Each structure stands twice: as C-alpha cells, then as structure tokens.
Amino acid sequence: MTWYVRLWKFITLAHGSGGKETEELVKNLIVHSVPPELWKVEGGTGLDILDDAALIPAGENRYIAVTVDTYTVKPIFFPGGDLGRLAASGTINDLLMVGARPLAVLDGVVVEEGFPIEDFKKVMESFIRTLAEERVALVGGDFKVMPKGQLDGIVIASMGIGMVEGKPIVDTEIRPGDKIIVSGYLGDHGAAILAAQQSIGVDLGVESDVKPLTGLMLPLLERYRGSIHGAGDPTRGGLAMLLNNWAEKTKTVIVVDESRTPVRPQVREYAEMLGVDPFSLASEGAAVLAVEPSKAEEIVEYMHSLGFKEAAIIGEVYEPKDPRHAGRVLLKSVTGGVRILEPPSGELVPRIC
Amino acid sequence: MTKARRALRLRVAGIVQGVGFRPFIYRLAVSRGLSGYVVNLGGSEVEIYVEGQPSQLASFIEGLYRERPPPARIEELEIEEAEPQGLDGFTIRRSERRKSRRSMIPPDFGICRDCLREIHDPSTRFHGYYWNSCAWCGPRFSMMYTVPYDRENTAMRQYPLCRECRRDYEDPGNLRRFHAQGISCPRCGPRTHVYTMDGRRLDVEDPVEWAAERIEEGYILAIKGVGGFHLAALASRDDVVEELRRRKRRPSKPFALMARDCGVVQAIAEPPPGACEVLESAERPILLLPKRPGSPVSELVAPGLDTIGVMLPYTGFQALLLERVRDGFLIMTSGNETGYPMCTTLECVFTHLRGIADYVVAHDREIVHRVDDSVLRYTDGELVFLRRARGYAPMWLYAPMELPDMVAVGAELQTAGAVAFEDKVVPTQYIGDMDEPGQVEELERELRWFIEVYSLKPRVVAVDMHPGYHNRGLAARLADEYGAELVEVQHHHAHAAAAMLEDRVPPGEKRAAITIDGTGYGTDATVWGGEVLVARYSSFTRAASLYPFRLPGGDAAAKWPVKALIGLMQASGLDEEETLSILRRRGLLSRDRLPHGEAEARVSYRLAASGRAPITTSMGRTLDALAALLGIAWRRDYEGEPAMRLEAAARGGRDHGYTPRLLSLDGRLVVDTPGLLHWVIENLDRLPTRDIAATVQRGLGRALGEAAARAARGLDGPVYIAGGAAVNTPIVQGIREALRGHGLEAQVPRRLPPGDGGIAAGQLLVAAARLEE
Ligand SMILES: [Fe+3]
Ligand SMILES: [Mg+2]
Ligand SMILES: [Zn+2]
Ligand SMILES: [Zn+2]
C-alpha cells in the first residue's frame, strides 16, 4: 500500500470523484487484493491495464470485451440528456474504446422509495432508446428499491459486452511519437451538469455532449485499426485524468497544446468562474486517440468527414528525458509557458500560500 | 613576571572554517605578543589557547570580533581561565581530535575589499580579473561537489593553479591566499565569453566593457554569476523595463536592483541606519528598502509598492559592470523563464531565456548548486528573511536537543528542505515553488546531496499534511528507500516549531505562537492561515483563529482577490444582492478585476453560500479580500502581492484604533473579521484609504495579540509570530501593541524565513519530538 493511501481513514466524496483518489483507492484497496494471476483471463487484459473494458480471448484474433459502470448524476434530467442516455452511451463508448463492436448490455437499477414513476419511466425509456439506436441488445438486468433516505434518487449499473475482431486497442501500446487526437469540444458534459445545478446555476447555453460514439469509432476502426494505439473517453476527470493515466501506464511524457485543444469559450469561462480546470471537466461524447504520427493528419480529416468537425491533433507522446518525469502531462498554455497538467483531485484544497 | 601572565582557553563556533580564520588568529595572537595555539575541532568549532599579559589578552578578544576576516561569524564564544603552560610562540596545530566529522559547509561570500582593490590595481596580476577571490571571499557552496571544502572537491578543480597562485597558496605569510581553496588569476582561472542567443560565441575583447555598452543601449543580457544567471537591464528607462516585463510575462512582480555602492543606494532608496553594513556584508543580500521619491528608478521596477529590492555587487565582474554603467544601478533579476527555476547552465539559457535575453555573458566555471540571491526586509524595524539562499545557506542552526538523522521536504511554494543530525538542523538553500517543472527534482537533488555529504541514515522523513503538495511523492520515496518513518506535520505547527527552534526553546516546553500566512492544511481538513497555537514541539492546540469563510474556486480566489472578498462578504451575512451592489459600487465587477464580471461574482457567491468551496481562516486571503475592497489590489501576480500592496497603502495612514472582537466558536476564539468587514464598509467613503488600510492591519494584529495573550497565560517566553504574513509591519505592530498591555513580547524569526522557507526546519523538530514520545 502506498503512503498516499496509508494516511486515509474514511471514504470521502473525493474517493468517488474519478480523480487521483479514486485511482489510488482502486489500485491499492481492490486490485492489490486480487491475486495477480486472476487480474485477467489468460491471453486477455483486465486489472493489469485497467482499460476502458477488459478483454477475454475468443479464438484467433477475436476477443470478447466486457465493461461495467455505475451511473448517478444530479440533476437526473439535464440539458442535452438524462441519466438513461448517460448510462447507455457510457457503456457503449467504453466498449468502442478498446476496439470492440458493442453487442449487448445488462443493467442493474436501484431506486429510492418514493421516486416518481414518471421519471423512472423517462429514464429507462431513454436508456433503452439509446441502446436500440445503436442496435445494442439489452439481455438481462436487476431491479431493486431502497428505503427512503438510503439512496438519493436512482442509480443505474450497466454492463456491456462487445466483440473485437482483429487487433484490440490496448492503451499500453501508446508509444513516444504518437499524436494525441480529440474528436471534438471537451468538457461540455461537466459544464452543463454544473450549470444545471440549482445552487450554482447559470445560463450557460451549453448542452451535455452525451452520445454513443459508434458513428465515429466503427468507421475509424474499419480503416485505421492498426494505426490507433490508444483510445479513451474523457469522462470523469476529463482529459487531464485520461492523459495522466496514459502517461503513467506507458512511462511516457505527454505534451498538450492548449491553443489547439477544442474547448467552448463558455465552458472555459465557466470553469474559470468555478476555479476548476476545464481539462478536468467530463465529456460524455468525445474520444481521445493516440495514433501513429504518419497517419494523424489523415485520421483527423477522416473524422471531419464523419461529422466531427472539431477533431484536432492536440499533442504528442514523448520519451521522458529524465526517468523521473515519466508519467507527466505538460500543457503548453495559450499565454505561453508550460505547466504540469495534473490528474484532478476530488478535493479542492488550495495550495497557494 | 610570570605572576602577571595569565592564560585563556576559547572555544569559538560559527563560520570559522574555510574563511582564513586560523591564519587570522595566528596573526592576531602574534601581534599581541601572545603565545599558544589554535586548533580546528571539526563541526565548525575552533579551539584557541592563548597566554600572555592580561591587557594583551583583552586586546586579543576585542580583535577577535573587530578584526576578524569579513565572512567569519562568531556564533558562540566560550572563554575559560586556564593554567599558564609557559608556551613559547604561537602555532596553528594540526587537527588531532575531531568531535565531529561533519563541518558546516561554508556559504558563498561576496567579493572582499582587498580582492576588489587588486582588480583595480594595475600593479598586481589580478588587475581587471573578475573572478579574483581569497580566503575571505568568493563562491563556496555553489561550486562544491562534495565535502570537505578543498579545491579538488569544487568546480575550481578544472583550473590547476599556475606557478604564482601555487606560491601564494603555499605561503603561510599570505594571509588571504594561504590555503585559500578558490584562488585563481587571469593565467589560471575561469574565462569569460559572450554569446548570441543562438549559441554563437562573439569575439569580444573586454566582456565587461561590451556588456556595459549593450546594456546602455537598452539590451537585456543574461549574465552568469555565482549561483545562477541574472538578467541585467537598465532600470531607469521605462521602455526597457516594460520590454523585460513583456518578455518575461511578468506584469508586476518587482525586479531586484544592483547598485554600484551604498552612495548609489542612498540616491535611489532611503536605507535606514545599519542597512549599508548589511548590504556590504559578505552575504551581500537583496534588501528591501523604502524607495526614494523622485529617484531615477523606473516606477515599473516595483509597481504599486513603496519599496525596492537592492543589492551590491558580489563578483568582480558585477563590480566592474556597475562602475561602467552611467546610472550606477541596474536591474539584476534572476535569469529564469517565468514558471521555471533560475538557469545555471548555458544550455538552459539558450532554451529558456531565448526571447527574453538578447545576449549572454558567461564564465566557464560550473555552477554545482543553484543558489538564488537572498532577500531580506525590515519588519517593524527588524531584519527578516524573505528568502534564505546565497551567503546564508547551507549554514546550520543548533537545535535544543539531540536529533536522529532526518530529512524534511518543506512546503509547496517558496520552499526549502532541511536535514538534521546530532544537534544540527541544516536548511537547504531556497529552492522555490514545487509546482514548477523540475523543482521537486531540484529539491531531491539537494536533499540527497546533504544526505550524502553528511553521511546520514535518515530515520524520519517529515512532510506537510497537505494531500496535494508536490513533494509528498518525494517524501514517500525517500522514506521507502531509507526504511525511514514518514511523519506528517501540520503546516502551522511547523511554523511555530521553526520559530521555537531558532530561539532554542527546550523540548517539552509550551509557547504561544501566532502563525499567519496564506494557506496551510489543517487537522480538520480546512485551510488554516490565521492561527494562534499553543505548541510544544511534539503537539499543539489551536487556541484561536480568524473567522472562517469560504474561498470560492479555491486557489482561483488567491489569484483573484475579489473572489476571496465575496467569500468573506458571504460569511459576514451579506446576501447576494447586497454583495453585488457593493462590488458594483466599488468598481470591482470590471473585467480586469474579476475576469467574468457579474456572472462570476454570482457564481462565486453561490459557491460560498451552498458550501461548495473550501473553508479557510487564512490571514493571506483575509488581507487579499480587504485589499480588493479598498481598491488596492485585484490580481495576484506573485506571492503575497495584494498583502504587500495593502501594507504599502497603509504607510502614513492613521490608525483609528478599531479592533475586531474575539468571539467563541467550536471551542476556540475567533477574530470577528465579519465585524471588521462591516467597519470597513461603513467607513469606505468617510476615511482616507490609507487610514483604513492602517487600521485594519493593525486591528487584525491587535485582535490576534489579544487572543495570544489569553493563550499565553501561565506560559514562559515571548509569543512567536511566524508564517508568511509575519513580515507585515502593521500586523506585527498591532500584535506587539496588544501584547504589551499584558506585559508580553513578540518575536519574529530572524535566522530562518518566517514564511514557508522555514517550514522544513520546523517539520524536523516536530517529527523528532514525536519520535521521542
Ligand atoms: Fe505557511
Ligand atoms: Mg482505452
Ligand atoms: Zn577576497
Ligand atoms: Zn594563477
């Protein structure tokens, strides 16, 4: 167990933020309790890599991809989507990010006593509609009710199954030289959710980007599967968390150019007002790719042709000059100068003296 | 005749090694007709035995202080009467018994008068030689690869002594060069070259003359000094200063000046009595001094402040350069790209200073340790450290107890590390901000160097409690590597302990301490910074604090003081509309003061009101909020800027005597800053800004002093004031005023920075005391 975890006494909200604390907790208190030989199925991937989905070998050049996630959001209905669409999209996208075609989903729904039936109906309809639009089957599930006060509203757990035909996309294959590409505006979901919250609400004019990325990823995989070394969706913790994960897993340094990274001005402004890093805001309908440098321009152009007009190369992966710098993400800021883009922390504790 | 003969045994501790101290004692004793010996005891101690006529003995002791080599420091002097042995003559004895293998590592000294005289004297071989140095002066720590301080252990090993230098080195009669490790001359010493920013070497006959001409023309030069590069530029021309600010992307952080001599200092500043001695001392620090009104120094050098930072030349090159520029003073600010540490190599200059400097002047001696210029200021008339580096580091402090081998990694910003062993605490030089690329590595490099040269086996690694500090990983790695215990120390407890260490408070004893700064992680996971503690090294209680309020946006509120103000207003019971109307009336919703105006103000208010912002009792943020409300500061370009501007704004203001009340909250006293805020709002249109600025700062001081007086009941000793805000004169005056009423005194650290640069030393004492228990 690392020093970081040794000093904890209780689970706090920070542990569930999807940032640094979550990662440490999962690694130290869960992964390390599992015997390493059970981290994955022989020939596949699992807790060893902690990618968007796990891979189970299913014959020559074929893998079954599985993923599970638990979804909760306040408010449940937000500009651009709702909890149901969020759960379906998130599950589908996690499968796509390992190079799989999403096939089927199982859900587990827990609802608080007293939750309006009308809202429940809307959430589930949205969940199912989103799956159906992508031709993904809902093949099973579970439903429970918790006494009032023991849960706040509704939580959906969603498990997805997909099939990888050909080379899976495993993030550990990201290597120095790779170009980092994003598919579109970042942080829309995170900003829209915060702006929709009563206590700190503003009229932002930005909707959540929540959507399945099937229309982007399946054609890309069709054409460029071999050139895509890494893929991920910058959900909780945003781009900052995702790139830090990549850099750490691959012992590289990733440098991002802020001026080339698409973020809506309103989103950036709102993030500044809140004092949060726009790059740590969640997207629920964006993909981040690490690709073969020689193919990067071509891939971006192809993404444009698929309707992802804001797709752009935003950075590059480097061999660390000093081994102690491995795992670091640097941001070339718009105003000039470079700063370390840190993995977001769930605790907003000021450091400035 | 033997009847009159008496003998003394003296033990001298301080900087007495590597500064020509023993040859000096030899001369002194011989000149007084005394016999005896001097011997190195190791561990920075020297033993002297002298016998002779009583009047000569007295004259010897007087001379010990008055005639000592300039950099020598006598920190402890024990004198005991001894039985005369009837020795003949005086000898420098070889060190036989060594109490400790570990010696104090000598810091870097500014060039001495004699070396400077030689540079100007056409009859010596040092004429025009910039890097002239002797036993009394020149770089030490910055060029040391390892200990002991011998030439082959320094960057001077690349420069074998020429015949004449060797002769001087071996001549016991040569007081300044006998066994002086750093000596050199134009024949054998470092060379100086001039480069363009693309790395091309220019053929320049006289680099100093050339540099002076370029600077006079308005160019910005990177010049290699002792512990790093400077950026040199004219300080009298607004357009040059503005250009430097633009290139460095540094809108308002003050630039340090270097002045030819104290006469020039008098012309641009108003040095109080004694300031020139400090400026001229071997340490040659930057001293913050009141600006002289109407001086030729550009307003843009230190915008919004009533002080300028000035130092005197400390290398021959600098001295000659300053003699050749007409102004007699220059900007000599540290040569770094904003957000990066100061450069020590040409490689760094060509990468990081491209686009900032126009040319480079560099000698070819390696800088082994980056050592920034030290910075001191006057607080309520006393000198305090803002930054402890060149000239002072890595001198050690004596702890009031035996310590295990230990390491401390310090705080986050403006920080230094420290190591400990025996009864010594060795703070590293100022390292800087841990959130800048490369700084944690630099801290690690320095700490490992001290661990190695002092052969330490650390049993404890001390670290701040803050979960987000960048040096936590380093602390963890060191602890794992040495199998040492990782001990977390509360930030303000460390501040208090550092102040107590300096005063050698014995372990187990309790003292009251007022610890005031920007940010420190509290034991309740909120952000502290305006605290009264009752502390011993091993533990503390929080007796009082400022009134807690929420900081919308966390650190963003430190960058934009209006946000902190909104948090304080919310905590003071003003509703959203009242808050906005005051901000609007004060012009604080314009985009230069709050980037997203009214929308941001509303979001900030709601973050505070809904409890979605960190809670703080920070003095720094309270001062920021007041500075914003008074229209004195609304953006923080450098650490403490709003508070420094608020302090400057109070100069000449009348103290109206308002003192916030002490309330009771969660079992502690809290200073009623909401009451203070209401007082300010009521008087905004009635009183001059400087009166309000003076009153609020002194008033906060008085309230904390009153709280400390209550906490100090039954305790010995002075009340310590520590933390970055402990350098604020009106606050310290307010504290002293309140304490005086109770017959108590207050003490601000003087040997360590009161701010986070002193944290590591405090962490060590706390960790050691806890280990004891
Ligand atoms: Fe502090
Ligand atoms: Mg992935
Ligand atoms: Zn000298
Ligand atoms: Zn020589």
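Two strands count as paired here if DSSP finds at least two bridges between them. Keep that in mind for the exercises below, which all concern a predicted model.

**Exercise 1. In which sense do strands β17 and β19 of chain B pair, and over how many bridges?**

Solution. Start with the cut-off of at least two bridges. Strand β17 (residues 397–408) and strand β19 (residues 460–464) of chain B are joined by three bridges, in the parallel sense. For one bridge in residue terms, take B:Val407, whose partner in β19(B) is B:Val461.

**Exercise 2. Place this pair in its sheet: what is the strand order, and which strands form the edges?**

Solution. Reading across the open sheet of chain B, the four strands come in the order β18-β17-β19-β20, with mixed pairing. The edges are β18 (418–427) and β20 (485–489) of chain B, each of which pairs on one side only. On average, and ignoring direction, neighbouring strands of this sheet are turned by 60 degrees against each other.

Now add the helices. Helix α13 (residues 491–502) of chain B lies across β17, β18, β19 and β20 of chain B, at about 140 degrees to β17(B). Helix α23 (residues 759–772) of chain B also packs on the sheet and touches β17, β18, β19 and β20 of chain B; the direction of α23 makes about 90 degrees with that of β17(B).

**Exercise 3. Which residues hold the zinc ion (ligand 3), and why is the arrangement called tetrahedral?**

Solution. First, find the donors: the SG atoms of B:Cys112, B:Cys115, B:Cys134 and B:Cys137 lie 2.2 to 2.3 Å from the zinc ion. Next, check the angles. The four donor atoms subtend 103 to 119 degrees, and tetrahedral requires all angles to lie between 85 and 135 degrees, so the arrangement is tetrahedral.

Then turn to the sequence, where the donor residues are spaced C-x2-C-x18-C-x2-C. B:Cys115 in helix α3 (residues 113–120) and B:Cys137 in the loop between α3 and α4 (163–170) of chain B are 22 residues apart, a pair that links distant parts of the chain. Both B:Cys115 and B:Cys137 are buried.

**Exercise 4. Where do the residues with the UniProt annotation "active site" lie, and are they buried or exposed?**

Solution. The unreviewed UniProt entry places this annotation on B:Arg22 and B:Asn40. They span 19 residues in sequence, but their C-alpha atoms are no more than 8.1 Å apart, so they gather at one spot.

- B:Arg22 belongs to helix α1 (residues 21–31) of chain B and is partly exposed, with a relative accessible area of 26%.
- B:Asn40 sits in strand β2 (residues 35–42) of chain B and is buried, with a relative accessible area of 6%.

Technical notes
Residues numbered from 1 in each chain as written. Chains lettered and ligands numbered in written order. Predicted model: local features only at pLDDT ≥ 70, side-chain atom pairs only at ≥ 80, totals over all residues. Heavy atoms only, no water. UniProt positions renumbered as here; feature names shortened; annotations may be inferred. Helix = DSSP H or I, 4+ residues; strand = E, 2+ residues; numbered from the N terminus. Buried < 20%, exposed > 50% of the residue type's maximum accessible area, 1.4 Å probe, protein only. Donors = N, O, S within 2.8 Å, 3.2 Å for Na, K, Ca; no water. Tetrahedral: all angles 85-135°; square planar, octahedral: opposite > 155°, others 65-115°. Axes fitted to C-alpha atoms, helices over the stretch in contact; angles between N-to-C directions. Contact = heavy atoms within 4.5 Å.
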